[in-house]
Amino acid sequence: MAFKTMYDLVRHSIEKFSEKMAFKMLDGEEVSFSEVGERIKKVQQMLTSAGLKAGDKVALYSSSMPNWGVSYFSVVTAGMVVVPILPGFSGEEVAKILEHSESKALLVSDKLYAKLPKASVEALNIVIRTKNLKVLSQRVEGEGSTTVPQPDDLASIIYTSGTTSSPKGVMLSQQALAIHADLCQKLFPINTEDSFLSVLPMSHVYECSLGLIFPFSQGVPVFYLDRPPAAAALVPALRRVRPTIMLIVPLIIEKIFRSQVLTKFTANGAMKFLYGIRPVQKMLHKVAGKKLMEVFGGRLRFLGVGGAKLDTTTEQFLVDAAFPHGIGYGLTETAPLLAGAVPLKKEVGSTGPAVPYVELRLDNINPDTQQGEVVAKSPCVMMGYYKNPEATAEVIDKDGWFHTGDLGQFDSENRLHIKGRLKNMILGPGGENIYPEDIESVINQHVTVSESLVTELDGRLVALVQFNTEQIERMLEDWRDQWRTKKEAIEAKTEELRREIQQYVNEKVSQFSRLSDVVEQKEEFIKTPSMKIRRFLYKNNLHPEPPKEDSTIERAEEIKD
């Protein structure tokens with residue numbers, strides 16, 4: 001059933017699935033759909049008691065838990081506007097978002113509350129603790145009100161950054177969020193026999209739209225972890241929940257593939273030789289895929305991968321293994337899905353065709369490569385950037401087409417292939433267009449590489465590579481024969497690998513995309529709260545300082561979340 005507002009969607013699910021479980025904290029509380037309805041009324045009463053009314057902004061700054069969804073639904077069904085804030089934002093960043101959004105209330109979890117500046121808290125009408133939905137502080141007493149929202153009403157403002165002096169907030173309407181749930185159901189139908197395991201930040205539009213609103217609309221329960229999804233916590237949770245649906249970012253499945261699959265198939269020379277034979281490799285992938293399915297609990301129907309580009313080697317493994325995965329493409333500004341493929345209909349390198357309700361085309365097509373900027377028309381496209389009509393006009397044209405800033409190409413079956421961000425493009429010495437993501441995809445195929453970034457340094461292409469030291473150590477069982485200490489052995493092997501990777505990459509890319517150098521990245525890459533590398537910091541700077549919390553960096557230079 002297609003809903004026009006979040007109010008209709010939430011009310012329908014609470015009535016239809018009243019006795020079913022909606023949310024479950026692993027080793028914690030279980031909340032039914034009817035209980036969600038009761039909690040929504042409670043939160044709305046607290047908000048109106050502090051003078052809030054329709055159109056007022058309410059920030060949500062919390063870790064994942066059942067009451068995150070309760071809080072979100074409480075705001076959007078009251079005709080108010082929810083402002084979800086990523087847990088990774090600092091207190092100063094949150095303060096700027098609260099000020100820019102003109103939020104009058106805050107729903108917050110305990111650890112994150114401790115990060116907030118005192119002045120920001122004192123400026124709010126009311127602050128509510130998400131853990132037990134109790135009032136932490138209330139500055140204003142007044143008679144507020146709720147209203148039934150209309151399809152074109154503003155429902156949510158999502159900030160993809162917080163460090164700039166002029167934060168950019170994506171405005172999504174009631175209709176955009178509600179229709180997106182129906183879009184998901186048409187793409188991959190789910191039912192009450194399914195179950196979700198949530199491991200991503202709920203304030204990110206990817207997890208919020210596909211991992212909260214979508215399952216709630218179909219009466220499907222969602223399970224939450226009470227800790228970060230590191231292997232020690234995730235693997236036991238998978239065994240217990242045995243989810244049928246799960247959403248992840250590429251980094252998670254790439255780490256699993258490299259540590260659990262690739263290392264075993266390249267452990268020695270003989271195995272590495274056999275693994276290089278494509279028919280043998282495909283057979284080994286099928287065997288490993290069955291074991292991976294057991295790790296995920298054995299019931300998985302759909303593993304959604306999104307938020308960034310998936311490494312080609314990992315993707316080939318998933319396809320060979322017939323592992324039930326799909327790769328989606330979208331942006332915060334489109335709520336988010338624009339293109340997507342369902343399991344077993346996946347082509348390596350493609351995000352699939354346009355999803356229901358969405359039109360896609362390419363602008364400024366290069367006649368040689370047939371690549372151009374991806375532009376989209378969808379009922380889920382944002383209303384604009386909050387308080388920023390200039391930025392809105394730059395991405396939404398007069399005909400309503402949204403310009404993504406991504407370079408893409410369609411294949412013969414109209415499947416979209418994303419080639420990279422236009423703003424990440426490096427201009428070669430002969431005027432060639434170099435897309436660093438393509439080169440990084442080759443680098444990341446190497447078994448010893450954890451992450452990489454290709455940047456420009458004084459007109460040269462340089463790759464920063466973070467090595468997997470555990471994998472290198474496994475390659476050095478006989479290090480005592482050549483080196484005095486293990487540290488010397490690792491340093492020598494790393495130097496050897498730097499040269500090996502440079503040669504490996506340069507044999508596989510075009511002449512103008514060849515690397516001048518490979519540099520070991522010993523520290524973690526500086527990342528956004530949604531765990532994307534802050535690429536612009538590394539242009540002509542191999543050792544950038546992390547931006548200060550109160551910096552005014554123009555986030556327009558960053559990869560769009």
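A salt bridge here is a side-chain nitrogen of Lys or Arg within 4 Å of a carboxyl oxygen of Asp or Glu. This is a predicted model, in which local features need pLDDT of at least 70 and side-chain atom pairs count only at pLDDT 80 or more, while totals for chains, interfaces and linings use all residues. Residues are numbered from 1 along each chain as its sequence is written, and side-chain values use heavy atoms, with hydrogens and water left out.

**View A. Asp320 and Arg278 meet in a salt bridge.** The closest N and O atoms of this pair are 2.8 Å apart. Asp320 belongs to helix α13 (residues 312–320) and Arg278 to helix α12 (residues 278–295), so the bridge ties together parts that are 42 residues apart in sequence. Helices (H or I, at least four residues) and strands (E, at least two) are DSSP runs, numbered from the N terminus. Is Asp320 buried or exposed? Asp320 counts as buried, at 4% relative accessibility, whereas Arg278 is partly exposed at 35%. For these words, buried means under 20% relative accessible area, exposed means over 50%, and partly exposed is in between (1.4 Å probe, protein chains only).

**View B. Helix α13 packs against its neighbours through its buried residues.** Those buried residues are Thr313, Thr314, Glu315, Phe317, Leu318 and Asp320. Which elements do they pack against? The partners are α10 (250–265), α12 and β14 (325–330), with contact meaning heavy atoms within 4.5 Å. Just past the end of α13, look for Ala322, which takes a positive phi of about 55 degrees.

**View C. Strands β14 and β15 form a hairpin.** β14 and β15 (residues 337–340) run antiparallel and are joined by 3 bridges; two strands pair if DSSP finds at least two bridges between them. One spot to pick out is Tyr329, whose bridge partner in β15 is Ala339. There are 6 residues between the strands, and Ala335 in this hairpin has a positive phi near 70 degrees.

**View D. Arg535 and Glu440 make another salt bridge.** Their closest N and O atoms are 2.8 Å apart. Arg535 sits in the segment after β25 (517–520) and Glu440 in helix α15 (residues 436–443), so far along the chain that 95 residues separate them. Both Arg535 and Glu440 are buried.

**View E. Asp110 bridges to Arg129.** The N to O distance between these side chains is 2.6 Å. This pair links distant parts of the chain, 19 residues apart: Asp110 is in helix α5 (residues 110–113) and Arg129 in strand β6 (residues 126–129). Asp110 is partly exposed at 37% relative accessibility, and Arg129 is also partly exposed, at 21%. Zooming out, how many salt bridges does the structure hold? There are 24, and Glu347, Asp411, Glu413 and Arg415 are linked in a network of them.

**View F. Phe73 sits in the largest nonpolar core.** A nonpolar core is a set of buried Ala, Val, Leu, Ile, Met, Phe, Trp, Tyr and Cys residues joined through side-chain atoms within 4.5 Å. This one has 121 residues, and those with the most contacts inside it are Phe23, Leu47, Tyr72, Phe73, Leu197, Phe216 and Met246. Helix α8 (residues 205–217) gives the most to this core, with 8 residues. Leaving aside residues up to four places away in sequence, Phe73 touches Met6, Val10, Phe23, Ile40, Leu212, Ile213 and Phe216. A second, separate core of 22 residues includes Val83, Leu112, Leu154 and Tyr159.

**View G. Asp182 is tucked into helix α7 (residues 174–187) as a buried residue.** Its relative accessible area is 8%. Which residues does Asp182 touch, not counting those up to four places away in sequence? They are Met1, Ala2 and Tyr357.

**View H. Phe273, Leu274 and Ile277 make a nonpolar surface patch.** The patch covers about 280 Å², an area from the Shrake-Rupley method with a 1.4 Å probe; for residues, only the protein chains shown count as cover. Patch residues have over 30% relative accessible area and no salt bridge, and nonpolar side chains (Val, Leu, Ile, Met, Phe, Trp, Tyr) are joined within 5 Å, like charges within 9 Å. Leu274 lies in helix α11 (residues 269–275) and is partly exposed, at 38%.
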